Amino acid sequence: MTEENYLEVLTNKINSFCHQLVSSGFRRSRALASLLFSLSSNTAANSVVGLSLSPFFQHQYASVFDAIKHFALNDEQWRRAAAKIRRICFSTYLSETNREAGDRLITTIDATPRPAMFSETLPYRQSIVMPNPDPHQAYRLEVGYNLSFLNVSHFENKWSLPLSVERVGIEETSTQCALRQFDDLLTDPVIGLKDTLVVNTADNGYASLPFLCPLYERHENLVNIARLKRGSKTYTSVAAPSDGSYHRKYYGKHHYNILASDVKSYKKDGSDERYEVARRSISERKADETVIYERQMGRAQRTVLVKIERFNDRLLKSYGGYSMKDKPLDILRIQYTDQRSGNPIYKNEMYLVISGKRRREVTTKQAQEYYVSRSDIEAFFRTAKRNLLLDKFQPSKIQHLDNHLLIVQLASWMTYLTASQAEQCLNPWERYLPDKDKKENERLTMSRAIRAAAGYYATLDLRWLKPPKSTGGTGRKKGARQTPRKRHARVRKRPVKG
């Protein structure tokens, strides 16, 4: 490669990103870079081996497997590769968003099912909950794995990109896997988030003590915003005596997260007998802060009135060895009302919990806006499974499956870089439709960037990724037989605390 071509490689964002991977010491790095070009522009292939048909994959189809296989050969190498990729992705995030290392970081944690119904050679498969296309059934059970994603969110134009992705182990829950991901991210000395305020958003599956309590204790710069179940119970905190005497009472009056006080009937366990409980609403206590503002929602851009009430210094009841008596948190109640008709947009109001030692640095309106952007990770899951083949790879070894997760992570960030440089690609029958959502110099969405990637990659000089000529191999000896791989049955997962 001449010096002029080398400088051209470095000045282009896509080539520079791939050149960084090639120079990072990964095995089969050129085949890996070619695989990323093929994967981030995939609109037709339904299998990983089908990516070899892409014009940007300059190797033989067997190199697809080699790039995945040699990415990491064991768990220790995988951990080192994951840390290296996390640092590359974070540096890309800082450079593309023009941010500094000390600026506030918004993240999202969530888990998604990954079926492996017919991969009998993969160990530790378990029952997973999958969405059901049948409208009469909410879900169905399949065999596979759960994948935990820690994404950086609150981008422009609804982008959500992974900083860490792991397969949930058979001896742990999704929340325990998420704790490990946060520990790796926040304690990484290269990334340096020790003094950076990290605001994480999560759904109601993470609004539990096994997730909130350890993070409250370990990381002072982390604030969690999670959705609380409507009707859950919180307590007021009892102040310590002014004279410094010993006191054992930490919990005051309890209130339910409901709009108005009522009486609810419950059924006793193991019998048909019922009993009634008078529930005091949290509305009986005056909100510490109330914010009301207007915003536009939906494609029709109708005006919606958003009312947010904040109740500070509430407590959750301790259980299971997780003590919350000294960990106060804030509760948000959010209501959406149509300004024109005055009717509520949703049937019930929404409750959020803000947990963390620096929770007061997040304003009430910011907390609501951050949580709204949490839904962007669902769009990422859909695009990653449809175009980046997140759930299409059928390997014979569990290590290859873990390696493929890191490759999908790299392809996601490569697509993000492409979105700022490629032009929107429309079919002839789509060019006459008005594009009201597209603004000037705005980054394309993830799905549109994948559609436009092929046309843009065709303008790049990718000769530096071309493999050297092969001298040929000896091949398999005549009559040699391979040992059949061991078949693994589905594992019945035992109940795990947390």
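**Exercise 1. Which residues is Leu39 in contact with, leaving aside its neighbours within four places in sequence?**

Solution.
Step 1. The model is a predicted one. In it, Leu39 belongs to helix H3, which covers residues 29-39.
Step 2. With neighbours within four places in sequence left aside, the contacts of Leu39 are Leu51, Asn387, Leu388, Leu389, Ile407 and Ala411.

**Exercise 2. Decide whether Leu39 is buried or exposed.**

Solution.
Step 1. The relative accessible area of Leu39 is 2%.
Step 2. A residue counts as buried when this value is under 20%.
Step 3. Leu39 is therefore buried, at 2%.

**Exercise 3. Find the residues that touch the most other members of the largest nonpolar core, and the helix that gives the most to this core.**

Solution.
Step 1. The largest nonpolar core has 106 residues.
Step 2. Within this core, the residues touching the most other members are Phe37, Phe211, Trp413 and Tyr457.
Step 3. The helix that contributes most is H10, residues 398-419, with 11 residues in this core.
Step 4. Apart from this core there is another, made up of 21 residues, including Ile308, Ile354, Val362 and Ala367.
Step 5. Take Trp413 as an example. Not counting residues up to four places away in sequence, Trp413 touches Phe17, Cys89, Thr92, Tyr93, Val152, Phe155, Leu161, Pro162 and Leu163.

**Exercise 4. How far apart are Leu39 and Ala367, in sequence and in space?**

Solution.
Step 1. In sequence, 328 residues separate Leu39 and Ala367.
Step 2. In space, the C-alpha atoms of Leu39 and Ala367 are 35 Å apart.

**Exercise 5. List the buried residues of helix H9 and the elements they pack against.**

Solution.
Step 1. Helix H9 spans residues 376-386.
Step 2. Its buried residues are Asp376, Ile377, Phe380, Phe381, Thr383, Ala384 and Lys385.
Step 3. Three strands pack against the buried residues of H9: S1 (105-115), S3 (139-152) and S4 (161-167).
Step 4. Helices H10 and H11 (446-457) also pack against the buried residues of H9.

**Exercise 6. Why can the protein chain be called as compact as a globular protein of its length?**

Solution.
Step 1. The chain has 11 helices and 14 strands.
Step 2. Its radius of gyration is 26 Å, and the globule rule gives 23 Å for 498 residues. Because the two values are close, the chain is as compact as a globular protein of that length.
Step 3. Its C-alpha atoms fill a box of roughly 80 × 55 × 55 Å along the principal axes.
Step 4. Of the 498 residues, 49% are buried.
Step 5. Among contacts with a separation of 6 or more, 67% join residues 24 or more positions apart.

Notes: Residues are numbered from 1 along each chain as its sequence is written. This is a predicted model: local features need pLDDT of at least 70, side-chain atom pairs count only at pLDDT 80 or more; totals for chains, interfaces and linings use all residues. Side-chain values use heavy atoms; hydrogens and water are left out. A nonpolar core is a set of buried Ala, Val, Leu, Ile, Met, Phe, Trp, Tyr and Cys residues joined through side-chain atoms within 4.5 Å. Buried means under 20% relative accessible area, exposed over 50%, partly exposed in between (1.4 Å probe, protein chains only). Helices (H or I, at least four residues) and strands (E, at least two) are DSSP runs, numbered from the N terminus. Contact means heavy atoms within 4.5 Å. The radius of gyration is taken over C-alpha atoms; the globule rule is 2.2 Å times the number of residues to the power 0.38.
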